[in-house]
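Subject: Structure for your review

Dear colleague,

Please find below the structure that I am handing over to you. My findings follow it, and I would ask you to read them with the structure open.

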Amino acid sequence: MAEIEYPFDSFVFYRSFRDAIEEMTDENKLATLLAICDYALYGVEPELQDAMSRAVFTVARPSIDANNTKRIGGKKGGRPRKETIGFSDENHRFSKNESTVSVSVSETVSEAGVKADKPPAPTRKKHGQYGWVKLTDSDYSRLLNDLGQAEVERCIAYIDESAQATGNKNRWRDWNLVIRRCHRDGWGLSQQQKSGGDKFDGYF
């Protein structure tokens, strides 16, 4: 296969990429989007810290590689370029300075097709009295290491009871992240102090 010459002026960004990052934090969304852009335009291999970001990039990568391969094949086709003044060869869709890529409907990757390439999701275990909080073993171990068992259990209890009382109206899905926010922002601490730490008086 011919060597890819970076940088490119543009690349194809599919709706499935956007849908895949919907549940991420703003910070991880930005990191994932920049990773996709840098890889597609400059060929830079990303170093993503978040597991979900790495998974989304892994899913997006084959589509990016396939489009770059098609782009190289398109440049090799047609009769040799003629020397012209102000006009490009009729067999070429774009001039060198054109910054968009035309993709036919048949080249669009369906969301279902992208999902088929995803690795199997890790097993999540229920935590808390009502079982709302679901964590993988690795997430739980990292939380214990970072926050300590007492704080992890406090946050799990608070978040689990909050989700139970409201039917998870906040639509939490990334429970690892929610626990870390609970610790960072001190969710439930004021209620515990007022009540002597025996119960929760309210929810955020």
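Does H6 pass H7 in a right-handed or a left-handed crossing, and what surrounds that pair of helices? In this predicted model, the crossing of H6 and H7 is right-handed.

**The chain as a whole**

The chain contains 8 helices and 2 strands. Along the sequence, these elements appear in the order α-α-α-α-β-β-α-α-α-α. Of the 204 residues in the chain, 32% are buried. The exposed surface of the chain comes to about 13600 Å², and 49% of this is supplied by carbon and sulfur atoms. Among contacts with a separation of 6 or more, 60% join residues that are 24 or more positions apart.

**The pair H6 and H7**

Two packed helices are described by the angle between their axes and the distance between the axes. For H6 and H7, the axes come within 9 Å and cross at roughly 110°. H6 is therefore roughly perpendicular to H7, since angles of 65 to 115 degrees are placed in that class.

Which residues bring these two helices into contact? On the H6 side they are Glu 151, Arg 154, Cys 155, Ile 156, Tyr 158, Ile 159 and Ala 163. On the H7 side they are Trp 175, Val 178, Ile 179, Cys 182 and His 183. Sorted by class, the contact of H6 with H7 has 9 nonpolar, 1 polar and 2 charged residues.

**The loop between H6 and H7**

Helix H6 covers residues 149-166 and helix H7 covers residues 175-185, with Asn 168 in the loop between them. Arg 171 also lies in the loop between H6 and H7. Both residues merit attention for their backbone angles. Most residues other than glycine have a negative phi. Asn 168, however, is not a glycine and has a positive phi of about 55°. Arg 171, likewise a residue other than glycine, has a positive phi near 55°.

Is Asn 168 buried or exposed? Its relative accessibility is 12%, so Asn 168 counts as buried, the cut-off being under 20%. Arg 171 has a relative accessibility of 69% and therefore counts as exposed, as the cut-off for that class is over 50%. The loop thus holds a buried residue, Asn 168, and an exposed one, Arg 171.

I would suggest starting with the helix pair and then turning to the loop.

Yours sincerely,
A colleague

Key. Residues numbered from 1 in each chain as written. Predicted model: local features only at pLDDT ≥ 70, side-chain atom pairs only at ≥ 80, totals over all residues. Heavy atoms only, no water. Helix = DSSP H or I, 4+ residues; strand = E, 2+ residues; numbered from the N terminus. Buried < 20%, exposed > 50% of the residue type's maximum accessible area, 1.4 Å probe, protein only. Contact = heavy atoms within 4.5 Å. Areas by Shrake-Rupley, 256 points an atom, 1.4 Å probe, with all protein chains shown as cover. Axes fitted to C-alpha atoms, helices over the stretch in contact; angles between N-to-C directions. Parallel < 35°, antiparallel > 145°, perpendicular 65-115°, else oblique. Left-handed = near helix turned anticlockwise from the far one by under 90°. Nonpolar A, V, L, I, M, F, W, Y, C, P; charged D, E, K, R; others polar.
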